[in-house]
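Open your viewer and get ready to click through a few charged side chains. At each stop you will get something to select and a short note on what is there.

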Amino acid sequence: MSASLLRPAREVRPPFRSKSRNTAIVYRAPSNGGPRVAGPPRGFRTRVVASRSLTPSTRAIELEKPQAFTFRPTQFTFLQLKTEEGMDARPMSLATSPTRPHLEYAVRISDSPYKRAFAGLRPGDEVAVFGPIGDFVLHETRPAVLLAGGIGITPLKGMAEYAADKALPIPIRLVHSNRSEDEIVYRLELDTLEKQNPRFRVLYTLTRNDDKGWQGRTGRIGQELLSEAGRDLSDPIYYVTGTPSMVVGTLQLLRDLNIRDSNIEIEAFRGYE
């Protein structure tokens with residue numbers, strides 16, 4: 001991208017005019033209230049350092065981390081790209097821990113102008129980041145059960161990285177639901193974290209059992225799997241991310257298990273159904 005397409009970092013303005021219908025929006029359990037933003041998020045201009053395919057239908061990029069940019073594990077930002085229809089910005093969860101050297105984002109690819117622009121990014125291209133925003137963040141002193149559907153894994157991966165890098169003394173269980181084995185997003189990274197952090201455990205489940213060689217769990221996240229994930233944990237917090245339908249369904253399952261809303265944090269990704 002041409003440098004002229006983006007203003008210097010101190011002059012970048014929040015993208016309030018985005019008409020995106022494909023966004024990541026924070027939903028909180030009713031008793032918790034909603035996220036509060038004190039003012040317009042700061043804008044930073046930065047460059048792509050890496051772009052790679054994660055699965056046949058998902059792609060990730062890494063960005064240079066601006067020196068003045070700090071965030072908690074793990075908030076979201078607006079990511080502004082140049083598309084064939086002009087500049088466009090979408091709320092995107094950060095897919096990495098603040099302890100890591102780069103910012104990372106991942107999406108499920110589609111034929112939308114924004115997704116095509118994301119998939120076409122290459123090292124050296126310029127983008128703008130606005131944020132950080134939101135309070136969907138890891139509680140560092142409470143056991144955690146992370147529940148993700150598909151590409152919803154992005155903020156939870158960042159939480160798991162943070163816990164490992166900081167050697168947090170809390171047990172963390174991750175339940176990761178995907179359609180098929182080849183669509184398990186960030187599987188290598190999660191398996192590596194499981195080896196790095198003895199307090200971290202991953203439970204995979206596949207919703208479409210077409211993989212003859214798959215010997216693991218199958219089916220959607222249900223009460224049995226939720227009970228297994230929370231077993232022997234003392235007063236854990238449940239973090240739920242995925243499509244709105246997955247989040248709403250999982251929230252109801254947790255309530256059916258008598259999990260209090262005050263112990264549930266949820267974030268839904270619109271546009272990935």
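This tour visits a lysine first and then moves on to some salt bridges.

Before you start, keep in mind that this is a predicted model.

**Stop 1: a lysine on its own**

Select K115, which you will find in helix α1, residues 113-119. What is the nearest side chain of opposite charge to K115? Add D111 to your selection: that is the one, and it is 11 Å away. K115 is buried yet has no salt bridge. Now show the backbone of R108 as well, since the side chain of K115 reaches the backbone oxygen of R108 at 2.5 Å.

**Stop 2: from strand to strand**

How many salt bridges does a search of the whole structure find? The count is 18. To see one of them, select E126 and R47, whose closest N and O atoms are 3.1 Å apart. E126 belongs to strand β7 (residues 126-133) and R47 to strand β2 (residues 43-55), so this pair ties together parts that are 79 residues apart in sequence. Try a surface view here: E126 is buried, with a relative accessible area of 5%, while R47 is partly exposed at 34%.

**Stop 3: from helix to strand**

Next, pick E228 and R217. They form a salt bridge, and their closest N and O atoms are 3.0 Å apart. Because E228 sits in helix α4 (residues 223-230) and R217 in strand β11 (residues 217-218), the pair ties together parts that are eleven residues apart in sequence. Is E228 buried or exposed? With a relative accessible area of 19%, E228 is buried; the cut-off for that word is under 20%. R217, at 30%, counts as partly exposed.

**Stop 4: from loop to loop**

Now select R260 and D235, a salt bridge with its closest N and O atoms 3.7 Å apart. Look for R260 in the loop between α5 (244-256) and β13 (264-269), and for D235 in the loop between α4 and β12 (237-242); the pair therefore ties together parts that are 25 residues apart in sequence. Both ends are partly exposed: R260 has a relative accessible area of 49%, and D235 has one of 38%.

**Stop 5: a network**

For the last stop, select R52, R100, E104, K157, E161, D165 and E189 together. Salt bridges that share partners join these residues into one network. Show their side chains as sticks and follow the links from partner to partner.

How values were computed: Residues are numbered from 1 along each chain as its sequence is written. This is a predicted model: local features need pLDDT of at least 70, side-chain atom pairs count only at pLDDT 80 or more; totals for chains, interfaces and linings use all residues. Side-chain values use heavy atoms; hydrogens and water are left out. Helices (H or I, at least four residues) and strands (E, at least two) are DSSP runs, numbered from the N terminus. Buried means under 20% relative accessible area, exposed over 50%, partly exposed in between (1.4 Å probe, protein chains only). Lys and Arg count as positive and Asp and Glu as negative; His and the chain ends are not counted. A salt bridge is a side-chain nitrogen of Lys or Arg within 4 Å of a carboxyl oxygen of Asp or Glu. A polar contact is a pair of N or O atoms within 3.5 Å; within protein, one must be able to donate a hydrogen and the other to accept it, and residues adjacent in sequence count only if both atoms are side-chain atoms.
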